[in-house]
Amino acid sequence: MVKTTVSVIKADVGSYPGHSRTHPKLLEVAARMLKEAEGSTIIDSYVTHCGDDLELIMTHTKGEDNEEIHELAWNIFMECANVAKEMKLYGAGQDLLADAFSGNVKGMGPGVAEMEFEERGSDPVLVFMADKTEPGAWNYYLYKMFADPFSTSGLVIDPSMHQGFVFEVHDVMEKRKILFNTPEESYSLLAYIGAPSRYVIKYVWKKDGTIAASTSTQRLNLMAGRYVGKDDPVMIVRAQGGLPAVGEVIDPFRTPILVAGWMRGSHHGPFMPVGVPDANCTQFDGPPRVICLGFQVSDRKLIGPVDMFDDPAFNRVRDRCCELADVLRAHGPFEPHRLSLEEMEYTTLPGVEKQFKDRWEDLPE
Ligand SMILES: [Mg+2]
């Protein structure tokens with residue numbers, strides 16, 4: 001049985017105006033280069049953007065971390081960065097931290113989520129893409145989808161889901177990983193993933209090993225050692241047939257939560273689900289946005305997409321996000337709108353502190 005791999009690889013290689021959105025010319029170049037690779041390196045592809053991030057969705061049979069696939073994505077990003085430079089787009093080539101490809105795009109700037117699986121009789125796959133936030137933003141939603149019976153009714157009423165799921169959590173600071181079984185270790189899992197700037201869910205599996213979800217965990221600033229923008233994560237989730245239904249995967253996004261990112265990667269803001277036509281970050285370079293494209297994967301072909309959040313059923317969460325944005329924006333430069341000092345270490349703030357470091361005087365004991 002030949003397995004199917006879905007790879008979602010993204011990078012911000014230039015946008016307009018400022019950090020708002022990817023230029024259509026870049027989408028065109030990327031789509032053409034992927035089309036040329038169809039039938040040889042890859043089988044099918046789809047190109048889109050979320051805000052200023054160029055998103056490449058590919059199917060193939062080469063498994064995760066395949067050099068050819070990663071090189072294809074890298075070459076596309078390099079070509080698009082050149083086009084962006086010619087147009088003097090903002091931040092042209094900003095996520096490409098290396099000069100030359102070296103085997104795997106991980107650690108070179110782009111974000112990567114991949115999953116390899118044996119196609120079922122019918123295989124719905126949802127691809128989530130975010131702008132102006134960090135990989136840990138998915139933690140809350142993955143927990144709701146795969147571990148919260150008040151959100152996913154299948155956990156209670158579908159015997160094929162009763163055993164629960166396994167979560168792989170990465171510690172992006174210490175570069176280590178751990179597995180948690182739910183429901184029995186739900187509280188322990190939450191103890192970690194409730195700190196999404198450090199602990200990030202990488203994979204979710206059924207207990208029989210069936211892959212259910214895969215995310216990008218790359219943190220650009222930790223890689224570059226300086227502020228180069230937020231990481232703007234992607235995520236692949238499979239649905240139905242012993243996994244949450246498509247609607248159960250989508251429903252958690254009905255609740256507006258606050259995530260880190262937004263303006264200058266330095267502010268908390270509401271995570272707003274939008275249709276692709278609204279995936280342009282405008283208000284205060286945001287607020288942080290998420291889009292979701294739904295496909296059926298059929299013999300490695302992408303049937304679709306459906307623009308899942310382009311739906312009036314999500315109007316109210318968008319309104320609530322705007323209300324939350326007002327409350328947070330009223331804080332101006334104050335926390336908790338601005339991130340904690342620990343998180344600000346990876347922004348431009350240390351540059352300001354440096355200017356004043358000699359003006360501080362010790363207080364008497
Ligand atoms: Mg971005």
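Select Thr 4 and the residues it touches: leaving aside residues up to four places away in sequence, these are Thr 59, Thr 61, Phe 117, Glu 119, Val 297 and Arg 300, where touching, or contact, means that the C-beta atoms, placed from the backbone, lie within 7 Å. This is a predicted model, in which local features need pLDDT of at least 70 and side-chain atom pairs count only at pLDDT 80 or more, while totals for chains, interfaces and linings use all residues. Residues are numbered from 1 along each chain as its sequence is written.

Is Thr 4 buried or exposed? Thr 4 is buried, with 21 other C-beta atoms within 10 Å; a residue counts as buried if 20 or more other C-beta atoms, placed from the backbone, lie within 10 Å of its own, as exposed if 12 or fewer do, and as partly exposed in between. A distance drawn from Thr 4 to Thr 41, which is 37 residues away along the chain, gives 13 Å between the C-alpha atoms.

Next, colour strand β1, in which Thr 4 lies; helices (H or I, at least four residues) and strands (E, at least two) are DSSP runs, numbered from the N terminus. Strand β1 (residues 4-11) pairs with β4 in the antiparallel sense over seven bridges, and Thr 4 stands opposite Phe 117 in β4; two strands pair if DSSP finds at least two bridges between them.

Widen the selection to the open sheet, whose four strands come in the order β2-β3-β1-β4 with antiparallel pairing. Its edge strands are β2 (44-50) and β4 (111-117), each of which pairs on one side only, and the twist averages 10 degrees from one strand to the next. Helix α1 (residues 24-37) packs on this sheet, touching β2 and β3 (53-60), and its direction makes about 165 degrees with that of β2. Helix α2 (residues 67-86) lies across β1 and β3, running at about 150 degrees to β3. These angles run from 0 to 180 degrees between N-to-C directions, with axes fitted as lines to C-alpha atoms, for helices over the stretch in contact.

Move now to strand β8 (residues 199-206), which pairs with strand β6 (residues 165-171) in the antiparallel sense over seven bridges, Phe 165 standing opposite Lys 206 in β8. Three bridges join β8 to strand β9 (residues 211-215), again antiparallel, and here Tyr 203 stands opposite Ser 214 in β9. Strands β8 and β9 form a hairpin with four residues between them, and Gly 209 in the turn has a positive phi of about 95 degrees.

Then select helix α8 (residues 315-329), whose 15 residues should span 21 Å at 1.5 Å a residue, a span expected from 1.5 Å times one less than the number of residues; its end C-alpha atoms are 21 Å apart, which agrees. Its buried residues are Cys 321, Ala 325 and Leu 328. Seen down the axis of α8, these buried residues fall within an arc of 65 degrees, taken from the directions from the helix axis to the C-beta atoms, so they line one face of the helix. They pack against β12 (267-270) and β13 (272-273), whereas on the other side of α8 the exposed residues are Asn 315, Arg 316, Asp 319, Glu 323, Asp 326 and Val 327.

Finally, show the whole chain, which holds ten helices and 15 strands. Buried residues make up 46% of its 365 residues, and the C-alpha trace spans about 70 × 50 × 40 Å along its principal axes.

Conventions:
Contact = placed C-beta atoms within 7 Å.
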